[in-house]
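Here is a short report for a first look at this structure. Start with the view below, then read on.

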Amino acid sequence: MKRTLLAAGLALTATVAGTTGAFAVSPAPSPSPTQSLVGPGCSAIENSISGLADQPVGTALGQVPELSTLAEAVKQAGLAEQLNSAEDITVFAPTNEAFEAIPQETRDQLMSDKEQLTKILQYHVVEGKKAPDQLTEGPLTTLQGGELTVEKSGETFTVNGATVACGNVPTRNATVYVIDQVLTPE
């Protein structure tokens with residue numbers, strides 16, 4: 001187990017540093033720890049995301065300090081096990097700052113309303129592990145039933161207007177895109 005984690009960590013470190021070498025792991029199906037992260041904010045959370053590839057996404061979210069509010073919301077909604085057992089999903093993960101941008105009273109109401117919180121959180125999840133080049137192929141249908149539109153301008157991706165700070169982050173069963181806003185269904 002330690003060797004597997006070490007190999008995954010070395011592969012991710014080599015990828016982030018832009019190098020390859022004897023420690024690089026053969027690429028696995030999309031996305032893998034050896035694929036490139038995308039987004040201007042990856043360097044800020046690089047240390048937090050480096051060991052996530054072997055963890056299911058519901059657990060992995062709780063390992064990233066910048067996503068602690070999202071991890072708490074997932075727990076409040078009772079969705080951690082559902083996320084952990086899901087196969088091949090993509091999660092658009094709002095940062096703590098994204099949640100803080102919601103007025104406190106509204107945020108408190110949302111966190112205490114399990115049904116509404118579940119709908120909003122499921123609006124951030126789509127089926128399939130989406131690599132960056134697959135995001136803009138058309139509207140993405142969420143687990144909540146709504147649609148997300150991803151656009152690319154240069155190297156920057158937006159999801160319904162929210163900027164992807166860091167994306168293509170692999171977990172055992174998901175690809176994560178860290179975003180700067182909480183998305184709400186229309």
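Of the 186 residues in the chain, 42% count as buried. The model is predicted. Its secondary structure comprises eight helices and eight strands. Take contacts between residues at least 6 apart in sequence: 63% of them join residues at least 24 apart.

How confident is the predictor? The chain has a mean pLDDT of 85. A pLDDT of 70 or more is reached by 81% of the residues. Residues 1–34 have a pLDDT below 50. In the model, this stretch still has 34 contacts beyond near neighbours in sequence.

Now to one pair of helices. At what angle do the axes of α4 and α8 cross? They cross at roughly 125° and come within 9 Å. Angles of 65 to 115 degrees count as roughly perpendicular and those over 145 as roughly antiparallel, so α4 is oblique to α8. The crossing of the two helices is left-handed.

The table shows which residues of each helix make the contact.

| Helix | Residue range | Residues in the contact |
|---|---|---|
| α4 | residues 68–77 | L70, A73, V74, Q76 and A77 |
| α8 | residues 114–122 | K114, L117, T118 and L121 |

Which classes do these residues fall into? Six residues in the contact of α4 with α8 are nonpolar, two are polar and one is charged. Among the nonpolar ones are L70 of α4 and L117 of α8. The charged one is K114 of α8. Q76 of α4 and T118 of α8 are the polar ones.

Key
Residues numbered from 1 in each chain as written. Predicted model: local features only at pLDDT ≥ 70, side-chain atom pairs only at ≥ 80, totals over all residues. Heavy atoms only, no water. Axes fitted to C-alpha atoms, helices over the stretch in contact; angles between N-to-C directions. Helix = DSSP H or I, 4+ residues; strand = E, 2+ residues; numbered from the N terminus. Parallel < 35°, antiparallel > 145°, perpendicular 65-115°, else oblique. Left-handed = near helix turned anticlockwise from the far one by under 90°. Contact = heavy atoms within 4.5 Å. pLDDT = per-residue confidence, 0-100. Buried < 20%, exposed > 50% of the residue type's maximum accessible area, 1.4 Å probe, protein only.
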